[in-house]
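Welcome, and thanks for taking a look at this one with us. Please open the sequence and the model side by side before reading on.

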Amino acid sequence: MKVLESFRLDGRRALVTGGSKGLGKVIANALAEAGADVGIVSRTESECRQTADAIAAQTGRRTMFATADLTNSVQVQSAIDLVQSELGPIDILVNNAGINTRGLAQELSEEDFDAVLGINLKAPFLCSRILGPQMCERGWGRVINLGSILGAVALPGRAPYCAAKAGVANLSRVLALEWAQKGVTVNTICPGPFGTDMNKPLLEDPEKYKAFVSKIPMGRWGELEEIAGVAVFLASNASSFVTGSTVYVDGGWTAQ
Ligand SMILES: NC(=O)c1ccc[n+]([C@@H]2O[C@H](COP(=O)([O-])OP(=O)(O)OC[C@H]3O[C@@H](n4cnc5c(N)ncnc54)[C@H](OP(=O)(O)O)[C@@H]3O)[C@@H](O)[C@H]2O)c1
């Protein structure tokens, strides 16, 4: 076997939720660079269009987008149908879309809790239960869920997010078991802190920023591109015997 060739994604079709910006955009671009055609889905049409066009221009792959609120099962189905009608059957699903609403438990509303659980945990379930069985029928597939270090360790002020991300890791394990004999793997990537829009409140507050750095053995936040290698690995044949796993990309935060 030629090991580097096993990382190639030529002929594959990927769907990246929340692929319009942040880590999802880097992942979508990396999958296209490795050879996959890529669809992205988020709620904001202008950002989706811009990113899909930029990835196509940069990689020469086919790209497309659909807009949807992925907490809504009807919109999930329509977005998947639209992407598949253009690109063909999806064989790599990256459940990346997410939000974080911070605040002490007594300060957060029921709506806050539902919104965070809805996109971080329910949406991966909704997307996976449509695309996973289709991948099983074709005998090959990859589902990659974005968890977080905060699914394994806790921080005050993050009740819904920590609960959702802990759920994501175990959702991955359940689906990994259900599809283990069908050629479909399901794994979780758990990032530490990266400088995306989600983390604006931390990036804009020097004290909070420094407090985070002090928790990271490598002494720095992640560069967005540092998520790409793990995503391509888990999306490719190079990870053919890896399923139900959780990979931390956190500069050592969870090693302590
Ligand atoms: N950045 C970090 O440090 C970090 C650390 C650990 C884990 N993560 C995880 O990594 C993933 C990506 O995070 P990020 O930092 O790249 O976030 P980001 O830059 O804020 O991007 C989030 C993406 O999700 C989409 N999205 C949010 N709600 C949606 C909804 N209801 N329906 C459809 N799309 C929706 C957003 O687009 P619209 O708003 O236009 O819909 C956007 O494309 C998330 O799951 C996050 O929890 C991030």
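Below is a short tour of the ligand shell, the nonpolar core, one helix and a handful of individual residues.

Please keep in mind that this is a predicted model. The shell around the ligand holds 29 residues, and the largest nonpolar core has 66. Helix 4 (110-138) turns up in both settings: it supplies at least two residues of the ligand shell, and it gives the core its largest share.

**Around the ligand**

- Gly18, Gly22, Arg43, Thr44 and Gly98 are the residues that come nearest to the ligand.
- By character, the shell splits into 13 polar, 11 nonpolar and 5 charged residues.
- Two helices, helix 1 (22-33) and helix 4 (110-138), each provide at least two shell residues.
- Helix 1 makes the largest contribution to the shell, with 3 residues.

**The largest nonpolar core**

- Within this core, the members touching the most other members are Ala14, Ile27, Leu31, Val38, Leu70, Ala231 and Ala235.
- Helix 4 brings 8 residues to the core, its largest share.
- Alanine 14 is worth a click: leaving out residues up to four places away in sequence, it touches Leu31, Ala36, Val38, Ile90, Ile92, Val94 and Ala235.

**Helix 4 from end to end**

- The 29 residues of helix 4 should span 42 Å at 1.5 Å a residue, and the end C-alpha atoms, 40 Å apart, agree with that expectation.
- Do look for the kink of about 45° in helix 4, which is centred on glycine 118.
- Its buried residues are Val116, Ile119, Asn120, Leu121, Ala123, Pro124, Leu126, Cys127, Ser128, Leu131 and Met135.
- Those buried residues pack against two helices, helix 3 (73-87) and helix 5 (159-178), and against strand 1 (13-17), strand 4 (92-95), strand 5 (141-146) and strand 6 (184-191).
- Just after helix 4 comes glycine 139, with a positive phi near 85°.

**Serine 128, inside helix 4**

- Serine 128 sits in helix 4 and counts as buried because 24 other C-beta atoms lie within 10 Å, where 20 or more are needed.
- Apart from neighbours within four places in sequence, serine 128 is in contact with Leu93, Asn95, Val143 and Leu175.
- Alanine 211 is 83 residues from serine 128 in sequence, and their C-alpha atoms are 36 Å apart.

**Leucine 108, ahead of helix 4**

- The loop between strand 4 and helix 4 is home to leucine 108.
- Leucine 108 has 18 other C-beta atoms within 10 Å, so it is partly exposed: buried would take 20 or more, and exposed 12 or fewer.
- Setting aside neighbours within four places in sequence, the contacts of leucine 108 are Thr101, Gly103, Phe113, Ala159 and Pro160.
- Leucine 108 and asparagine 29 are separated by 79 residues in sequence and by 35 Å in space, C-alpha to C-alpha.

**Lysine 165, in helix 5**

- Lysine 165 belongs to helix 5.
- Is lysine 165 buried or exposed? Lysine 165 is buried, since 25 other C-beta atoms lie within 10 Å of its own.
- Beyond its neighbours within four places in sequence, lysine 165 is in contact with Asn120, Gly147, Ser148, Leu150 and Gly151.
- Among these partners, Ser148 is 17 residues from lysine 165 along the chain, and the C-alpha atoms of the pair are separated by 5.9 Å.
- Asn120, another of these partners, is one of the buried residues of helix 4.

**Aspartate 250, after strand 7**

- You will find aspartate 250 in the segment after strand 7 (246-249).
- Aspartate 250 counts as buried because it has 22 C-beta neighbours inside 10 Å.
- Not counting residues up to four places away in sequence, aspartate 250 touches Ile149, Cys190, Pro191 and Gly192.
- Aspartate 250 and threonine 63 are 187 residues apart in sequence, and 29 Å lies between their C-alpha atoms.

Conventions:
Residues numbered from 1 in each chain as written. Predicted model: local features only at pLDDT ≥ 70, side-chain atom pairs only at ≥ 80, totals over all residues. Near = placed C-beta within 6 Å. Helix = DSSP H or I, 4+ residues; strand = E, 2+ residues; numbered from the N terminus. Nonpolar A, V, L, I, M, F, W, Y, C, P; charged D, E, K, R; others polar. Core = buried A, V, L, I, M, F, W, Y, C linked by C-beta atoms within 7 Å. Contact = placed C-beta atoms within 7 Å. Expected span 1.5 Å × (residues − 1). Bend = angle between axes of the 7 residues up to and from the residue.
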